[in-house]
Amino acid sequence: MPNEDALFEQLKMNDASALDALIRQYYPHILQYCRCHIKNMDEAEDAAQDTFIKAIRHIDHVHKGKLKPFLYKVATNVCIDYGRRTRPGELPENFSYCETGFKEVEAEIDFNATIEHLPQKQKEVIILRFVSGLKVREISEVMAEPMRTTQSRLRAALKRLKKDFEKGGTSNEP
């Protein structure tokens with residue numbers, strides 16, 4: 001699998017094998033990120049696919065070494081668009097109980113419930129850092145804000161989560 005810079009150069013030259021490599025390398029991570037924002041699995045998969053379509057369409061606007069943050073920025077915007085289309089709390093039409101992967105789903109629900117009360121930007125930093133595994137520098141690029149601001153948001157979110165954990169619940173204060 002080519003490194004990110006080589007992959008980036010191949011994508012700029014419209015190399016079809018580079019597109020396959022990009023999808024193999026980043027699709028699982030982008031899908032997981034979309035799942036944190038979109039509860040319906042089918043819509044999350046659609047959002048992940050739309051992310052790659054839009055990213056390839058605008059690959060000329062990416063700078064070398066910025067491919068990963070660019071993908072997450074596109075995914076962020078796609079998830080926002082999908083969020084505008086659906087009503088919060090709406091169950092998917094094909095909702096059914098399924099035992100396969102129950103523990104993973106339960107852990108995901110617990111995680112989402114734990115961060116649900118955080119302000120949106122703090123929640124986003126937590127998701128990008130701990131679910132997507134991005135570095136603080138990459139998160140600041142995705143969120144288009146200074147690295148110090150990102151660091152402050154991360155510290156504030158972790159401090160608040162620690163405080164809530166020590167209390168044994170969540171707080172709804174801003």
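This passage walks through the fold, the nonpolar core, the charged pairs and a few backbone details of one protein model.

The model is predicted, so local features need pLDDT of at least 70 and side-chain atom pairs count only at pLDDT 80 or more, while totals for chains, interfaces and linings use all residues. Residues are numbered from 1 along each chain as its sequence is written, and side-chain values use heavy atoms, with hydrogens and water left out.

On the overall picture, the protein has 8 helices and 0 strands, and its pattern along the sequence reads α-α-α-α-α-α-α-α. Helices (H or I, at least four residues) and strands (E, at least two) are taken as DSSP runs, numbered from the N terminus. Of the 174 residues, 36% are buried; here buried means under 20% relative accessible area, exposed means over 50%, and partly exposed is in between, with a 1.4 Å probe and protein chains only. The accessible surface comes to about 10900 Å², with 54% of it belonging to carbon and sulfur atoms. Those areas come from the Shrake-Rupley method with a 1.4 Å probe, and for residues only the protein chains shown count as cover. Contacts (heavy atoms within 4.5 Å) between residues at least 6 apart in sequence join residues at least 24 apart in 59% of cases.

Next comes the inside of the protein. A nonpolar core is a set of buried Ala, Val, Leu, Ile, Met, Phe, Trp, Tyr and Cys residues joined through side-chain atoms within 4.5 Å. The largest such core holds 43 residues, and Leu7, Leu22, Ile30 and Leu128 have the most contacts inside it. At least two residues of this core come from each of α1 (4-12), α2, α3, α4, α6 (120-131), α7 and α8 (147-167). Leu22 gives a feel for the packing: setting aside residues up to four places away in sequence, Leu22 touches Leu7, Leu11, Tyr27, Phe52, Ile56, Leu67 and Leu71. Its sequence neighbour Ile23 sits in helix α2 and is partly exposed, at 33% relative accessible area. Beyond its neighbours within four places in sequence, Ile23 is in contact with Pro28 and Phe52. Ile23 and Phe52 are 29 residues apart along the chain, yet their C-alpha atoms are separated by 7.6 Å.

Then there are the charges. Side chains of opposite charge can pair when their charged atoms come close. With a salt bridge taken as a side-chain nitrogen of Lys or Arg within 4 Å of a carboxyl oxygen of Asp or Glu, the count comes to 5. One of them joins Glu141 and Lys66, at 3.0 Å from N to O. This pair ties distant parts of the chain together, since Glu141 belongs to helix α7 (residues 136-143) and Lys66 to the loop between α3 (41-57) and α4 (67-85), 75 residues apart. Glu141 is partly exposed at 25% relative accessibility, and Lys66 is partly exposed too, at 34%. Lys66, Arg137 and Glu141 are linked in a network of salt bridges. Elsewhere, Glu145 and Arg153 meet at 3.2 Å, N to O; Glu145 is buried at 12%, whereas Arg153 is partly exposed at 23%. In the salt bridge of Glu116 with Lys123, the closest N and O atoms are 3.6 Å apart, and Lys123 is buried at 13%.

Glu138, in helix α7, is a different story. Glu138 is buried yet has no salt bridge, and the nearest side chain of opposite charge, Lys68, is 4.0 Å away. For charge, Lys and Arg count as positive and Asp and Glu as negative, with His and the chain ends not counted. Leaving out residues up to four places away in sequence, Glu138 touches Lys68 and Pro69. A polar atom of the Glu138 side chain also lies 2.9 Å from the backbone nitrogen of Lys135. Arg35, found in helix α2, is buried at 16% relative accessible area, and a polar atom of its side chain lies 2.7 Å from the backbone oxygen of Lys39.

Finally, two loop residues have an unusual backbone entry. Asn14, in the loop between α1 and α2, has a positive phi near 60 degrees without being a glycine, and Asn14 is exposed at 70%. Ala144, in the loop between α7 and α8, is not a glycine either and has a positive phi of about 55 degrees; Ala144 is exposed at 65%.

Technical notes:
Polar contact = N/O pair within 3.5 Å; in protein donor to acceptor, adjacent residues only side chain to side chain.
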